[in-house]
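Please open the structure in your viewer and keep the selection tool at hand, since this tour moves from one selection to the next.

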Amino acid sequence: MSLIPVKMARMMKCLAANKRLDSQTLRSALVNNMHPARMRSSNYKSLLRCVLFAATAVVLGAIGAPAARAATDQPAIIPLDQIKPGMRGVAYTIFAGDKIEPFDIEVVGILPNLMGPKQSIILVQLHGEKAEHTGVVAGMSGSPVYIDGKLAGALSLKFGVFVKEPLGGVTPIEDILSIPTDESPSSPKTLAANAAGADKLDSAVVTARVASGADLPHYPVPTKWAQLAGVSGDAFLEPIAAPLVFSGFAPSTLRQYAGDWTPYGMVATAGGTAAPEIDDAKVVPGDMVSMVLVQGDISMSAACTVTAVMEDRVYACGHPLFGLGSSAMPLARGRTLTTLSSDFNSTKIVNAGGVIGTLTEDRLTAVMGRVGPAPKMIPVELTVVTPGGEKQFHSEMIANPKLTPLLMGIVAFNGLTQNTAYGEGSTMKLSGTIDITGHSPVMLSDMYAPTDQFVPDGSFVASSVQSVFTRIFSNPYEMPTINKVALRVESMPDRRVASILNAWSEASEAQPGSPVVIKVLLRPYRGTPLIREIPITIPAQATRGSTLRVQVSDADSINRIPNLVAAQGRLGGLDQLISLLNRERRNNQIYVTLLKPTPTLLVEDKELPDAPLSQINVLDQRRLPGNSALLRESTAGEWSVPMDEIIAGSTSVFIKIK
């Protein structure tokens with residue numbers, strides 16, 4: 001895509017000043033490589049006073065930015081070492097609608113190595129009525145900056161909160177174009193990226209920072225430059241926030257999860273979606289693009305401004321979105337509704353339009369997408385059942401180890417809380433499946449009761465779903481391919497919880513093979529205590545004279561040890577992890593486990609009771625392998641009784657074998 005010389009920018013300002021100028025004139029000029037002959041002058045007879053500007057633009061365009069430059073040509077750029085303080089240029093962005101508007105910039109200075117080795121930033125001051133009114137706004141990141149008619153970089157940084165001064169940082173275009181692509185390793189650009197090696201390293205640093213929950217990176221501005229810019233001496237620059245637009249989400253969802261996006265530099269806002277249009281894929285520098293996280297009945301997307309378009313590649317943002325490196329995220333056209341001015345954080349309100357391709361790179365200096373097919377997403381079906389009826393939600397979300405678990409939690413929480421029949425104080429029952437290519441499905445089943453904590457009751461279901469997805473995606477064995485997720489949540493009135501108070505047996509002794517009745521005393525929440533009888537059978541091979549322990553417990557007491565083995569990466573693969581997840585005991589049952597005093601070996605996802613002492617001694621001398629664990633007791637039998645409440649607590653009964 002060709003660039004916009006300064007004279008042509010002045011010409012466009014002249015055109016824009018005319019009241020009869022169509023709002024698409026500037027866009028048409030950009031698409032048509034700024035060739036005045038392609039503008040339909042018959043409709044603009046009153047613009048003859050701009051002929052002088054136009055003629056000058058044609059001459060300069062023929063020299064510095066050929067009007068007929070093909071879309072496959074690399075745009076003319078101005079290297080960082082040629083940019084000096086005091087130089088003036090022009091940047092382009094959208095403040096409302098689809099109208100790309102210019103605003104002037106002036107170079108304040110160069111901040112060398114501000115973001116790291118060989119990662120300098122151009123400090124600029126913005127001029128113009130709108131830019132001075134709003135300052136640098138969320139969604140403006142990626143706005144292309146031209147100096148002497150050549151692309152200098154992308155507006156990417158702003159001063160910290162409560163600084164509405166029209167000052168910003170520009171990522172040099174050389175750093176933007178150096179991000180990895182799938183081009184031939186022998187291409188000059190690829191060689192430059194490989195030689196520098198900084199992009200992948202610094203993207204990993206950004207990812208680590210985000211994963212640890214750290215604040216958005218701050219880049220201190222040297223005092224002399226801060227004084228020149230007219231701000232305090234302890235000023236700092238930070239990435240311009242990207243609007244994160246939620247459509248179809250309840251306000252309670254935005255409040256609950258807004259903090260999760262802060263480390264990514266996102267500003268959570270309510271919004272909508274725009275209907276696909278035939279020209280969605282015809283993006284030019286200054287346009288908006290949206291990176292889609294969730295789409296369907298509900299949607300989530302983050303927005304940035306386009307910096308450059310080369311062949312099918314679209315460069316945007318001028319900084320990382322999530323710092324994910326290689327990615328596969330739907331790239332959509334962004335449609336700006338308006339720009340909200342605020343002393344705290346001005347922002348664009350952007351709706352995601354039609355999907356135009358795939359975001360393939362999310363790097364330190366920019367994001368890059370390709371116009372074409374969209375990536376495959378994970379279909380999610382959520383059914384919410386309440387006394388008032390049943391409601392279904394259909395959506396799709398991106399597949400990413402870091403983001404998908406969080407997105408699943410958000411979708412589950414929103415589906416519950418935006419239901420008109422939802423109310424605090426209800427017990428919820430979750431069931432569902434997660435279909436994974438090449439593996440058995442993961443089966444979900446649990447209950448969740450409200451508490452006296454000042455948190456929404458739906459958050460317990462959401463965090464449980466999020467936890468399961470985290471375990472699946474964070475497994476050290478293979479990257480899972482999830483085909484479909486189906487969740488069903490039933491809401492039941494009252495707080496359905498019962499605690500185990502005591503357990504006993506009428507007989508303290510028993511014969512091998514004889515039946516025994518275990519009585520369990522339960523106290524329901526604010527209810528009358530009750531007794532449940534659970535019949536068990538003593539194994540026929542039980543050793544006479546030995547004492548067996550009967551453990552009466554909830555699910556957590558039994559799941560704890562196998563989960564510890566899995567958490568330490570001691571399983572043999574994803575199949576074993578899925579098997580372990582599916583064998584987890586459910587929290588709405590009473591479990592009675594008969595234990596004998598012989599060791600058990602846990603090897604991967606398998607339990608080996610009654611391990612011979614000789615084998616244990618051999619393993620002990622060689623130290624237990626990394627995928628094994630040793631327990632003091634072995635299970636001789638297990639029984640369970642389903643309940644309508646969540647069971648909590650544990651106790652033991654001892655029976656001597658006669």
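How are H10 and H11 oriented to each other, roughly parallel or roughly antiparallel? This is a predicted model, in which local features need pLDDT of at least 70 and side-chain atom pairs count only at pLDDT 80 or more, while totals for chains, interfaces and linings use all residues. Residues are numbered from 1 along each chain as its sequence is written, and side-chain values use heavy atoms, with hydrogens and water left out.

Begin by selecting residues 404-417, helix H10, together with residues 458-473, helix H11; helices here are DSSP runs of H or I with at least four residues, and strands are runs of E with at least two, both numbered from the N terminus. The two axes come within 8 Å and cross at roughly 155 degrees, where axes are lines fitted to C-alpha atoms, for helices over the stretch in contact, and angles run from 0 to 180 degrees between N-to-C directions. H10 and H11 are therefore roughly antiparallel to each other, a term for angles over 145 degrees.

Now show the side chains between them: residues of H10 including Leu-406, Met-408 and Phe-413 meet residues of H11, among them Val-461, Val-465 and Phe-469, with contact meaning heavy atoms within 4.5 Å. By class, this contact of H10 with H11 has 11 nonpolar, six polar and no charged residues (Ala, Val, Leu, Ile, Met, Phe, Trp, Tyr, Cys and Pro count as nonpolar, Asp, Glu, Lys and Arg as charged, and the others, Gly among them, as polar).

Keep H10 in view and add residues 251-261, helix H9, which packs against H10 at an angle of about 165 degrees with the axes 9 Å apart. That makes H9 roughly antiparallel to H10. In this contact, residues of H9 including Gln-256, Tyr-257 and Trp-261 meet residues of H10, among them Ile-410, Phe-413 and Asn-414, and the residues divide into six nonpolar, six polar and one charged.

Turn next to an open sheet of four strands with mixed pairing, in the order S25-S24-S22-S32, where two strands pair if DSSP finds at least two bridges between them. Select 530-537 for S25 and 646-648 for S32 to see the edge strands, each of which pairs on one side only. The twist averages 40 degrees from one strand to the next. Finally, select residues 497-505, strand S22, which runs parallel to S32 and is joined to S32 by three bridges.

Methods: Angles under 35 degrees count as roughly parallel, over 145 as roughly antiparallel, 65 to 115 as roughly perpendicular and the rest as oblique.
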